[in-house]
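Reader: I'm new to reading protein models, so could you walk me through this one?

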Amino acid sequence: MAGLILLAVARALGDPLPRKSDWRTLAIVGLLLLAGGNAFVVWSEQYVGSGIASIFVVTVAMWTALFDAIIPGGSSELNWRVVAGLLLGFLGTLLLVGATPPKFSRG
């Protein structure tokens, strides 16, 4: 449902539909994120708390933006708006889970 809502919003804002050649890649990535990413989070929460797991999940956006900016042929750049958005999201997650430096050092 979230994907359909995002597609509707993107279309309403004037973005084109993905090309036919992109649909296969999008389906594979979506399946891997759902089946792989979520499965590993569920498995890892047997060993770490959900707060710490959520912090690791949030870092995926940071890694994605970083790699897309530094890999040749990447389509984005790390301007101040991207960095500010990533940091605000990360700090918001830290705030929600009540993470403090001593909690990380305890393991």
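Reader: Let's start small: is Asp-22 buried, partly exposed or exposed?
Author: Keep in mind that we're looking at a predicted model. Asp-22 has a relative accessible area of 24%. Buried means under 20% and exposed means over 50%, with partly exposed in between. So Asp-22 counts as partly exposed.

Reader: Which side chain does Asp-22 meet in a salt bridge?
Author: The structure holds one salt bridge, and Asp-22 takes part in a salt bridge with a distance of 3.3 Å, N to O. The cut-off for such a contact is 4 Å, between a side-chain nitrogen of Lys or Arg and a carboxyl oxygen of Asp or Glu. The side chain that Asp-22 meets there belongs to Arg-19.

Reader: And Arg-19, is that one buried or exposed?
Author: The relative accessible area of Arg-19 comes to 57%. The line for exposed is drawn at over 50%. That makes Arg-19 exposed.

Reader: Okay, pockets next. How much space lies in the largest pocket?
Author: Here's the general idea: rolling a probe the size of a water molecule over the atoms shows where empty space is left. For the largest pocket, the space comes to about 190 Å³.

Reader: Which helix gives the most to the lining of the largest pocket?
Author: Leu-33, Gly-37, Asn-38, Phe-40, Val-41, Val-57 and Val-60 make up that lining. Two helices, α2 (20-44) and α3, each supply at least two residues. With five residues, the one giving the most is α2.

Reader: How many charged residues are in the lining of the largest pocket?
Author: Sorting the lining by type gives five nonpolar residues and two polar ones. Gly goes in with the polar group here. As for charged residues in the lining, there are no such residues.

Reader: What separates the C-alpha atoms of Asn-38 and Val-57?
Author: Both of these residues line the largest pocket. Asn-38 sits in helix α2 and is partly exposed, at 41% relative accessible area. Along the chain, Asn-38 and Val-57 are 19 residues apart, while the separation of their C-alpha atoms is 9.5 Å.

Reader: How far apart in space are Ala-61 and Ser-76?
Author: Ala-61 belongs to helix α3, and its relative accessible area of 40% makes it partly exposed. In sequence, Ala-61 and Ser-76 are 15 residues apart. From C-alpha to C-alpha, they are apart by 13 Å.

Reader: What about Val-97 and Leu-33, what separates their C-alpha atoms?
Author: You'll find Val-97 in helix α4, where it counts as partly exposed at 30% relative accessibility. Leu-33 is one of the residues lining the largest pocket. The two are 64 residues apart along the chain, and their C-alpha atoms are separated by 23 Å.

Reader: Last topic, the surface. Which elements give two or more residues to the nonpolar patch?
Author: The patch has about 880 Å² of accessible area together, and its members include Trp-63, Phe-67, Ile-70, Val-83 and Leu-91. The elements giving it two or more residues are α3 (50-70) and α4 (80-97).

Reader: And Ile-70, is it buried or exposed?
Author: Ile-70 is found in helix α3 and belongs to the nonpolar patch on the surface. Its relative accessible area is 54%, and over 50% is what the top class requires. So Ile-70 is exposed.

Methods:
Residues numbered from 1 in each chain as written. Predicted model: local features only at pLDDT ≥ 70, side-chain atom pairs only at ≥ 80, totals over all residues. Heavy atoms only, no water. Patch = residues over 30% accessible without salt bridge, like charges linked within 9 Å, V, L, I, M, F, W, Y side chains within 5 Å. Areas by Shrake-Rupley, 256 points an atom, 1.4 Å probe, with all protein chains shown as cover. Helix = DSSP H or I, 4+ residues; strand = E, 2+ residues; numbered from the N terminus. Buried < 20%, exposed > 50% of the residue type's maximum accessible area, 1.4 Å probe, protein only. 1 Å grid on protein atoms, 1.4 Å probe; cavity = no way out; pocket = protein on both sides within 12 Å on 5 of 7 lines; lining within 4 Å. Points joined across faces, edges and corners; volume = space filled by probe spheres on them.
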